[in-house]
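Please walk me through this protein, starting with the whole chain and then turning to single residues.

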Amino acid sequence: MHISEILKKLKNNEISLEEAELQLRITNYESVSDIAKVDIHRTKRIGIPEAIIADCKTCEEVVSIASVQLKKEGRAIITRASEDNYASLISLANETNSKIRWESVQES
């Protein structure tokens, strides 16, 4: 249910305040299989999307989560990405006509 639908139902006394609050919390997240709940409204609230921590996920999982963020937020931030993650993300960037930038960690 979209936020406007929830608010209209609340205004028309079709749902309670408690139900509206619950529905608003639910609509803030999108599940990606069993691997993640993406906060799809974080950019609207804070200004930047939720970061995807890549080092504890497979390349496929990182791409799946990034795909949801790109679709919902228009961008994705991925931390601790390996060269393999980067290679997988290049395909996603090409498919979605998105820019990608990778900065490797320079060991001292």
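The paragraphs below go from the overall fold to a few chosen positions.

The model shown here is a predicted one. Its secondary structure consists of five helices and four strands. Read from the N terminus, these elements follow the order α-α-β-β-α-β-α-β-α.

The overall dimensions come next. Along the principal axes, the C-alpha atoms of the protein occupy a box of roughly 60 × 25 × 25 Å. The radius of gyration is 17 Å, whereas a compact globule of 108 residues would have a value near 13 Å. Of the 108 residues, 23% are buried. The protein exposes about 7900 Å², and carbon and sulfur atoms supply 48% of that area. Among contacts with a separation of 6 or more, 46% are made by residues 24 or more positions apart. The protein carries 15 positive and 18 negative charges, and the mean positions of the two sets are 8 Å apart.

A first stop is strand E1, which covers residues 29-32 and includes Glu30. Is Glu30 buried, partly exposed or exposed? Glu30 counts as partly exposed because its relative accessibility is 23%, which falls between the limits of 20% for buried and 50% for exposed. Leaving out neighbours within four places in sequence, Glu30 is in contact with Ala36, Lys37, Val38, Ile40, Val68 and Lys72. With one of these residues, Lys72, the side chain of Glu30 forms a polar contact of 3.4 Å. Ile90 is 60 residues away from Glu30 along the chain, and the C-alpha atoms of the two are separated by 23 Å.

Ala36, one of the residues in contact with Glu30, belongs to strand E2, residues 36-39. Apart from residues up to four places away in sequence, Ala36 touches Glu30, Ser31 and Ile65. Ser64 is 28 residues from Ala36 in sequence, and the C-alpha atoms of this pair are 9.5 Å apart in space.

Helix H4 spans residues 59-73 and contains Gln69. Gln69 has a relative accessibility of 2% and therefore counts as buried, the cut-off for that class being under 20%. Which residues does Gln69 contact, leaving aside its neighbours within four places in sequence? They are Val38, Pro49, Glu50, Ile52, Gly74, Arg75, Ala76 and Ile77.

Strand E3, residues 51-53, holds Ile53. With a relative accessible area of 36%, Ile53 is partly exposed. Its contacts, not counting neighbours within four places in sequence, are with Thr79 and Arg80. Ser98 is 45 residues from Ile53 along the chain, with 19 Å between their C-alpha atoms.

Arg80, which is in contact with Ile53, sits in the loop between strand E4 (77-79) and helix H5 (83-95). Arg80 is exposed because its relative accessible area is 57%, and the class begins over 50%. The backbone of Arg80 also deserves a look: its phi is near 55°, a positive value in a residue other than glycine. Most residues other than glycine have a negative phi.

Asn13 is another position with a positive phi, near 55°, in a residue other than glycine. Where is Asn13 placed? Asn13 lies in the loop between helix H1 (3-11) and helix H2 (17-26). Its relative accessibility is 69%, so Asn13 counts as exposed.

The last position is Tyr86, in helix H5. Tyr86 has a relative accessible area of 25% and is therefore partly exposed. Not counting residues up to four places away in sequence, Tyr86 touches Ile100 and Trp102. Val62 is 24 residues from Tyr86 along the chain, and their C-alpha atoms are separated by 9.8 Å.

Taken by exposure, the residues visited include Gln69, which is buried, and Glu30, which is partly exposed. Ile53 is partly exposed, as is Tyr86. The two loop positions are Asn13, which is exposed, and Arg80, which is exposed.

Technical notes. Residues are numbered from 1 along each chain as its sequence is written. This is a predicted model: local features need pLDDT of at least 70, side-chain atom pairs count only at pLDDT 80 or more; totals for chains, interfaces and linings use all residues. Side-chain values use heavy atoms; hydrogens and water are left out. Helices (H or I, at least four residues) and strands (E, at least two) are DSSP runs, numbered from the N terminus. The radius of gyration is taken over C-alpha atoms; the globule rule is 2.2 Å times the number of residues to the power 0.38. Buried means under 20% relative accessible area, exposed over 50%, partly exposed in between (1.4 Å probe, protein chains only). Contact means heavy atoms within 4.5 Å. Accessible areas come from the Shrake-Rupley method with a 1.4 Å probe; for residues, only the protein chains shown count as cover. Lys and Arg count as positive and Asp and Glu as negative; His and the chain ends are not counted. The place of a charge is taken as NZ of Lys, CZ of Arg, CG of Asp or CD of Glu. A polar contact is a pair of N or O atoms within 3.5 Å; within protein, one must be able to donate a hydrogen and the other to accept it, and residues adjacent in sequence count only if both atoms are side-chain atoms.
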